[in-house]
Amino acid sequence: MSVAQRGIGQELLGFATAGILAYATDLGLFVWLRGPVGLDPLTAKALSFVGGCSVAYAGNALGTYRHTAVRGMRQYAVFFAVNIAGALVQLLCIAVSHYGLGFTSQRADTVSGAGIGMAIATVLRFWGTRTLVFRGEGRVGSWTG
């Protein structure tokens, strides 16, 4: 395995780890805000999304991309925008499947949003995080191989 392949492998592993922690935070906050706190679903989801984005940013800034120089509110804002774009991709997948193709079951919505949409959104988030937020400083090799 080349140095570039090891570098991208470590980068992907770090990105995935930050993403899993962010997902757990998002889910946990949503359940807590929706349940014991009693917020409506949209407010609970908006707040849990911000919490999950913050955990993902911290995980990537302090872990995966710790060798990049610039950190701050502008970088966080771009990171947040990339994550909103990913969320919109997931919503678009549900809209196309549910309203465009007529797959209206809960299972179809889950597959299109949490399956297909999440896969496409994850690729977008990885590209955006790597390219727009934490630019190439300290990186070994190209992510395209």
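Which backbone oxygen lies 2.8 Å from a polar atom of the side chain of threonine 68? Keep that one in mind; we'll get there on the tour. One thing before you click: this is a predicted model.

**Stop 1: the whole protein**

Show everything as a cartoon. You should find four helices and zero strands, so to speak an α-α-α-α run when you read from the N terminus. Of the 145 residues, 31% count as buried. Switch on a surface and you're looking at about 8600 Å² of exposed area, with carbon and sulfur atoms supplying 71% of it. Now think about who touches whom: take the contacts between residues at least 6 apart in sequence, and 64% of them join residues at least 24 apart.

**Stop 2: alanine 18**

Select alanine 18 in helix H1, which covers residues 3-34. Is alanine 18 buried or exposed? It counts as buried, because its relative accessibility is 4%, and the cut-off for buried is under 20%. Next, add alanine 56 to your selection. Alanine 18 and alanine 56 are 38 residues apart along the chain, yet their C-alpha atoms are separated by 5.1 Å. Leaving out residues up to four places away in sequence, alanine 18 touches Ala56, Gly59 and Asn60.

**Stop 3: threonine 68**

Hop over to the loop between helix H2 (41-64) and H3, where threonine 68 sits. Threonine 68 is in a loop, but at 7% relative accessibility it counts as buried. Here's the answer to the opening puzzle: the backbone oxygen belongs to tyrosine 65. Draw a distance line from that oxygen to the polar atom of the threonine 68 side chain, and look for 2.8 Å.

**Stop 4: leucine 101 and its patch**

Move on to the loop between helix H3 (73-100) and H4, and pick leucine 101. With 56% relative accessibility, leucine 101 counts as exposed. Now select Leu92, Val96 and Phe103 as well: together with Leu101 they form a nonpolar patch on the surface, with about 410 Å² of accessible area.

**Stop 5: arginine 125**

Last stop: helix H4, residues 106-133, where you'll find arginine 125. What is the nearest side chain of opposite charge? That's aspartate 26, 7.6 Å away, and buried arginine 125 has no salt bridge. Show asparagine 83 too, and you can trace a polar contact of 3.2 Å between its side chain and that of arginine 125. Beyond its neighbours within four places in sequence, arginine 125 is in contact with several residues, among them Phe15, Val82, Gln90 and Met118.

Notes:
Residues are numbered from 1 along each chain as its sequence is written. This is a predicted model: local features need pLDDT of at least 70, side-chain atom pairs count only at pLDDT 80 or more; totals for chains, interfaces and linings use all residues. Side-chain values use heavy atoms; hydrogens and water are left out. Helices (H or I, at least four residues) and strands (E, at least two) are DSSP runs, numbered from the N terminus. Buried means under 20% relative accessible area, exposed over 50%, partly exposed in between (1.4 Å probe, protein chains only). Lys and Arg count as positive and Asp and Glu as negative; His and the chain ends are not counted. A salt bridge is a side-chain nitrogen of Lys or Arg within 4 Å of a carboxyl oxygen of Asp or Glu. A polar contact is a pair of N or O atoms within 3.5 Å; within protein, one must be able to donate a hydrogen and the other to accept it, and residues adjacent in sequence count only if both atoms are side-chain atoms. Contact means heavy atoms within 4.5 Å. Patches are made of residues with over 30% relative accessible area and no salt bridge: like charges are joined within 9 Å, nonpolar side chains (Val, Leu, Ile, Met, Phe, Trp, Tyr) within 5 Å. Accessible areas come from the Shrake-Rupley method with a 1.4 Å probe; for residues, only the protein chains shown count as cover.
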